[in-house]
Amino acid sequence: QPEVTAEDAECKASDCEADIHHHATDMEDLDMRGADMSDAVLPQAVLPQAAAGNHRSSCSKGSRTSNHRALLVGIICSLLGTACCATLCVHLVSAIQEKIRRSTSCPGAGAAQSWLLESTSAYADPSPLPRIRGPEMYGKVREKTIWAYWYHKKDCPTSKSCVLPPALQLCTETVRKNRGGFDYKIIHKDEVLRYVTQMELPLRFMQMLPAQQKDALMNALLARYGGVALDISTVLFRPLDEHWEEMVSKGATFSGYMYRITGMRWANAETLAVWFLMSRREGIFSTAVRSQIINMGNHKHPQKAHLGGFHNPYFAMGDQTLLPILSMFNYSFPSCLKDPTVKSDSWIGGCPELEFQHPTEEMPGPARNDAKLILREPQLGPQLPFAFADNFSMPVWHVHSTRSVNVSALPGVPTCATMKECWDDVFLPRYNSPERLLNSIKLFNSGGSMKYMTREQILSDHGTFFYNWLKLAGLPEFN
């Protein structure tokens, strides 16, 4: 403190009042500038003015007390200004983050998709994600359902605009007549996503060929609902309830047809007959759904093996996907690769056994025993030994004709040299067998030449195999 002179000591009351008024004016000015941090620094105006030489420092004790109070008020105002500034910053940062978050959302995307974008961030909102609901028909379809699929770009593009070929229409009528305790559903392309989700199908499903769409869809339907996947070109003579009850009573998860299972030969590069598949729900086909999505990737057509795809692209979603799954339950299934009748290198190169590494007891370990499979030889059942003869035109053969036919002889299977012999010596004994080997007939290539015939043409010839099959199926107009 500087030395106080006598002159300084003679402070008048008016001087003190002027000093206090001066400090109060400075404080009001500081309060008006409040939130600005640069203005919050204490100016000399709030310090004792004696130290700056502008006013006497020899004011009375009351004057010094007023200065201290003014100083305290200034400090408090500075702290309040800092707090206000921090709060403003927090709100500003939050507003910026919200704007950035909204700008990353897809324009027009619904709430069902916006969560997917946000959930990819490590700092996403931890609130629960919305539930992905199943398809519309889930929970409304019985397990005992016979499934079929048909799509034609011109004649059957949708369920409301569909005209089946006459031969196939007659086949579906036999299934409806003899479905027994089953429901029967023919799925059209526009109905697919009512029954399964897009995530259960290959990514490019809608661009795949119809035959491969059918196989992929059947895998998804059997995985979710169970039932029977039956090709639409099948004549059904009797209900399939006995087969279903057998599967359920034996605790099996699958019943179907496998070539060579009894030791018979089959010259084609296939093992599993995918035109008839019977399965419990949530069984082995759940694995098939996963496999077909992974193996197809982003392709609309199955790639060939040298491109990392399938050895037989036509059977990609069928035999080439299903056999690796069935082989987990039995390591000794007969192999297409060891069948001497599969002679062509191109055919051998398409065998489904090439799609996976053969399992052993050492790797990966013992075969699965948590489910059972029921497998039969298709050539002793729905696939007649002359089904491929005469360019697949077996259905238009005549039951009383002695015209010779070229039928390949199969070990253990009765053969025939004429149309009449094929009907009397092969078909009828199989149809009438106590074992009920023949509950249905599979027509390949839609019946060969019959697929070009009208309904009137088909029904006008009462002597054909197909006409007599329709009579055995019990269609009303034939009895």
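Eighteen residues line the second largest pocket, and Trp266, Pro385, Phe388, Ser408 and Leu410 lie nearest its centre. Here a pocket is an open set of points on a 1 Å grid over the protein atoms alone, with protein on both sides within 12 Å along at least five of seven lines, and lining residues have an atom within 4 Å of a point. The space in this second largest pocket comes to about 350 Å³, a volume being the space filled by probe spheres set on the points, with grid points joined across faces, edges and corners. Its lining is made up of 12 nonpolar, five polar and one charged residue. In this classification Ala, Val, Leu, Ile, Met, Phe, Trp, Tyr, Cys and Pro are nonpolar, Asp, Glu, Lys and Arg are charged, and the others, Gly among them, are polar.

The model is predicted: local features need pLDDT of at least 70 and side-chain atom pairs count only at pLDDT 80 or more, whereas totals for chains, interfaces and linings use all residues. Residues are numbered from 1 along each chain as its sequence is written, and side-chain values use heavy atoms, with hydrogens and water left out.

The largest pocket holds about 780 Å³ of space. Its lining comprises 29 residues, and Ala211, Asp231, Tyr314, Lys442 and Asn445 lie nearest the centre. The division by class is 19 nonpolar, five polar and five charged residues. Helix H8 (210-224) and strand S6 (272-279) each contribute at least two lining residues; helices (H or I, at least four residues) and strands (E, at least two) are DSSP runs, numbered from the N terminus.

Four cavities of 30 Å³ or more are present, a cavity being a set of grid points where a 1.4 Å probe fits but cannot get out. The largest cavity has a volume of about 90 Å³. It is lined by 17 residues, of which Lys214, Asp215, Met218, Ala229 and Val274 are the closest to its centre. Strand S1 (145-149), H8, strand S3 (227-230) and S6 each supply at least two of the lining residues, and H8 gives the most, with four. By class, this lining has 12 nonpolar, two polar and three charged residues.

The protein chain contains 16 helices and eight strands. Of its 479 residues, 43% are buried (under 20% relative accessible area with a 1.4 Å probe, protein chains only; exposed is over 50%, and partly exposed lies in between). Among contacts (heavy atoms within 4.5 Å) with a separation of 6 or more, 74% join residues 24 or more positions apart.

The largest nonpolar core (a set of buried Ala, Val, Leu, Ile, Met, Phe, Trp, Tyr and Cys residues joined through side-chain atoms within 4.5 Å) has 62 residues, and Phe386, Ile441, Phe466 and Trp469 touch the most other members. Helix H14 (residues 419-431) provides the largest share of this core, six residues. A second, separate core of 42 residues includes Met137, Met208, Leu222 and Ala223.

Leaving out residues up to four places away in sequence, Trp469 touches Val235, Phe237, Leu384, Met394, Pro395, Trp423, Phe427, Ile441 and Leu443. Met394 lies in the loop between helix H13 (389-392) and H14, and is buried at a relative accessible area of 2%. With the same sequence exclusion, the residues touched by Met394 include Phe386, Ala387, Lys442 and Phe465. The C-alpha atoms of Met394 and Met450 are 9.1 Å apart, with these positions 56 residues apart along the chain.
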